[in-house]
Structure formats: C-alpha cells, structure tokens
Amino acid sequence: MTSPSPAATASSWRERMRRLAALVRKESFQVMRDPSSILIAFVLPIILLFLFGYGVSLDTKLTRVGLVMEETTPLTGDLAASFRASRYFSVVSGRDRRQFEEDLILSRIRGIIVIPADFTANYIAGNRPQIQVIVDGSDPNTGSFVQNYAQGAVTNWQLQRQAEMMRGNPAIAVEQRFWFNPELTSRSFLVPGSIAIVMTLVGTLLTSLVVAREWERGTMEAMMATPVTAAELLAGKLLPYFLLGLTSMTLCVLLAVFLFGVPFRGSVLALYALSAVFLMPALGQGLLISAVTKNQFLASQLALISAFLPAFLLSGFLFEINSMPTVIQWITFIVPARYLIPSLQTVFLAGDIWPMFLRAIAIMFAIGCIFFLLAARSTKKRIA
C-alpha cells in the first residue's frame, strides 16, 4: 500500500475543516433561534446568582435571644451591656426565663441567656459564677453560633474587668486577623461557588436538551447519514455551547465583582483556564445523557439528578466534604465541581495558586475525556 500524498492529505484536512465549520455555523444559528437556549444560558444564571447572592447566607448576625437577669446589680448590668453591645445578638431583656419559653418554642428567639441570682455573690467570693445558655436545638448550626457567641461575649467582658483591676498592667490582648475574607461574609465564597453551579447547569442541561431534541425530531439521524464523522459531529455540536458557557461565566463574574462586591485577586488567565477545562466534563456529560436517552424530558431529569444535585450537594459548596460519610467522600472525587469551586474561590479571594489550579485542571480534563469517550461510543454513525 502506498501512503496518501501530501496534497491528498491537505485536501482531506481542508474538507474536514469545511465540514466542521458548516456544523458550527448551523449549530450557532440554531442556538440564536432557540429562546430556551438563551433563557438557560443568560436568564437562568442571573436568577441563580441573585438567589445565592441575596437569598442564601451563612452569616449569623443579630440573632434574636432572650436575656434573663435574675438580679439587678452593677456587675450583672455591666455583663448584660456586653451582650447588648455584641453585633451578633439582638437582645430582648426579661426577669424570668419562663416569659421566653414560648418564644423559643415558636422560634421567635434562638436562645435564652440566664444570669442567675447568685452571680454577683459568687463573683465577689472568688467562686466561679455560671451563666446558663439555653439554645434551640432544632437548628444545630444556629444553636452552636448562639453558644459560641455567648461564650465570646462573656470572655470579652472578663478581659475588660481584668484590665480595669490590673490598673496599668493591661491583660494580654489577642489581635485576630482573617486572611482573604476579613469581613467573614459568606457571600464572598458563596457567589464564586455559585458560578460553578451555573456553569454545570448551562453546560450539562443545555447540551442534553438541545441534542436530545434533535434525536426526537430525527435531524440527528439525517446528519449521521452524511459524510460527517462522529468526531466532527461532536465537535460541531459542542463548540457553540462551549463559547456560550464561557459567555455565561463572564456575565456571572461581572455581576459578582460589580454588583455583589466580591473581590477578584487572581488573573483572568486562571479564571478562563479553569472554566474552559470544567466545561469539558459538563458538555461531555450532557452529550452522553442526550445520546443515551434521546428524549428531552428524560434528558433534563437525568441532567438535574446527575449533574446539578451532585454539584450542589457533593462539591463542598454548602456542606463540608470532610463531615460526610466515608463512602460519600469517595463519590465526591468524580464530581467535577468539587475541583472547580475551591479553585474559583481561590481566584477571587486569594489570587493565583497554580499548583492547586494545575491539579484541578488535570483531574477535570481526565473526567471530561472519559465523558467524551463514552459519548462518542454512544453516538455511533448509524440510524438508531
């Protein structure tokens, strides 16, 4: 056998590029004519970003608590003032804990802080006075916050008392510094994480719906009857949605920085490198779902169950992965959003840390290659 001549090879390559360009142009026109694609790519991300930016907050500020002072002395008044001055509490004062029990049951308040009647006597006598903190255990996180913030208010009050008593020999002061997020606002890491959730939806849901619709209408079989190869068909299908996903990500980043005030300390190169590689498993998963189901309704359900829910629940976005059962922790390793979310949070809040980024890029690229191989095997050049 003789190998093809360079002229024949160049002609074959130009023919492939013309076919690919025609497929990309056809798919781009279809995207622009389809209102649902624009809705998923641009309107849905804005809605989700507003929900995560304004509706979801892990900050616990001005938690409503009841403060019971069973005795009124200058000492207990000073301690009560420490609780009222805390930026974490909205204090409602009373003389009997029973007047707050119904409010605690109905969740009108989140805790009851009781300064007992023997507090001043024990303090003057050198005994260790106790303060009772009753919290609403139906919400464990808020209950823990109330307990910890109450302990912090008491500690600050003790330090102030010691400084006054030492008269010129001040107590040791602890100066706290919080790197990357000095204000400790949850929005600063929720909004970058939500961008990964948005990209998961745009990449997987949009691709699975559009390609499944072509299977339903029979246009996919018509294209498979042409000289187009499977690789060209996949590339022509995915390139417009790849650019659409990057455009949607850019819109989300602009909103995050200029509307929500999230700092951006990294580089645009790192942002687009991470996002571009993440779109590989997202688009590949959507293509695989559409090739397997060939039905829009089933494809949308599988996209939400297999892409959105794992990205939302198993990526560390809201729930700490180390707190999950061991089996679930192992499952999180195959969730691409697990690697994008901390990388995006680092780009926004800390800056470029390329060893971390390169590891995430390599893992997401490997997962994407697996999805594309499975999708290519499912999308065979035959009429199903």
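Met-356 is in contact with Pro-342, Ser-343 and Thr-346, once its neighbours within four places in sequence are left aside. Keep in mind that this is a predicted model. Met-356 is found in helix H14, which covers residues 354–378, while Ser-343 is in helix H13, residues 337–349. Below, we start with these residues, then turn to two helix pairs and the chain as a whole.

**Met-356 in H14**

- With 30% relative accessibility, Met-356 counts as partly exposed, because that category lies between the 20% limit for buried and the 50% limit for exposed.
- Pro-342, one of the residues that Met-356 touches, is 14 residues away along the chain, and the two C-alpha atoms are separated by 9.3 Å.

**Ser-343 in H13**

- Is Ser-343 buried or exposed? At 1% relative accessibility, Ser-343 counts as buried, whereas Met-356 is partly exposed at 30%.
- The side chain of Ser-343 reaches back to Tyr-339, where the backbone oxygen is 2.7 Å away.
- Setting aside neighbours within four places in sequence, Ser-343 has contacts with Leu-274, Met-356, Phe-357 and Ala-360.
- Leu-274 in that set falls in the range of helix H10, residues 268–293, and Met-356 belongs to H14.

**Pro-336, in the loop before H13**

- Pro-336 sits in the loop between helix H12 (326–331) and H13.
- Despite its place in a loop, Pro-336 counts as buried, with 11% relative accessibility.
- Which residues does Pro-336 touch, not counting those up to four places away in sequence? They are Phe-278, Pro-281, Met-364 and Ile-367.
- Met-364 is 28 residues from Pro-336 along the chain, yet their C-alpha atoms are separated by 5.8 Å.

**H10 against H11**

- Helix H10 (residues 268–293) and helix H11 (residues 296–313) cross at roughly 140°, and their axes come within 9 Å.
- The two helices are therefore oblique to each other, since roughly antiparallel would take an angle over 145 degrees.
- The crossing of H10 past H11 is right-handed.
- On the H10 side, the residues involved are Gln-285, Ile-289 and Thr-293; on the H11 side they are Leu-298, Ala-299, Leu-302, Ala-303, Ser-306 and Ala-307.
- Sorted by class, this contact has six nonpolar and three polar residues, with no charged ones.

**H2 against H7**

- Helix H2 (residues 35–55) packs with helix H7 (residues 187–217) at an angle of about 155°, and the axes are 9 Å apart.
- That angle makes H2 roughly antiparallel to H7, because the cut-off for that label is anything over 145 degrees.
- H2 and H7 also have a right-handed crossing.
- What is the make-up of the contact of H2 with H7 by class? There are 18 nonpolar residues, four polar and two charged.

**The chain as a whole**

- The chain holds 14 helices and four strands.
- Of its 384 residues, 42% are buried; Ser-343 and Pro-336 both carry that label.
- Taking contacts between residues at least 6 apart in sequence, 78% of them join residues at least 24 apart.

Technical notes
Residues numbered from 1 in each chain as written. Predicted model: local features only at pLDDT ≥ 70, side-chain atom pairs only at ≥ 80, totals over all residues. Heavy atoms only, no water. Buried < 20%, exposed > 50% of the residue type's maximum accessible area, 1.4 Å probe, protein only. Polar contact = N/O pair within 3.5 Å; in protein donor to acceptor, adjacent residues only side chain to side chain. Contact = heavy atoms within 4.5 Å. Axes fitted to C-alpha atoms, helices over the stretch in contact; angles between N-to-C directions. Parallel < 35°, antiparallel > 145°, perpendicular 65-115°, else oblique. Left-handed = near helix turned anticlockwise from the far one by under 90°. Nonpolar A, V, L, I, M, F, W, Y, C, P; charged D, E, K, R; others polar.
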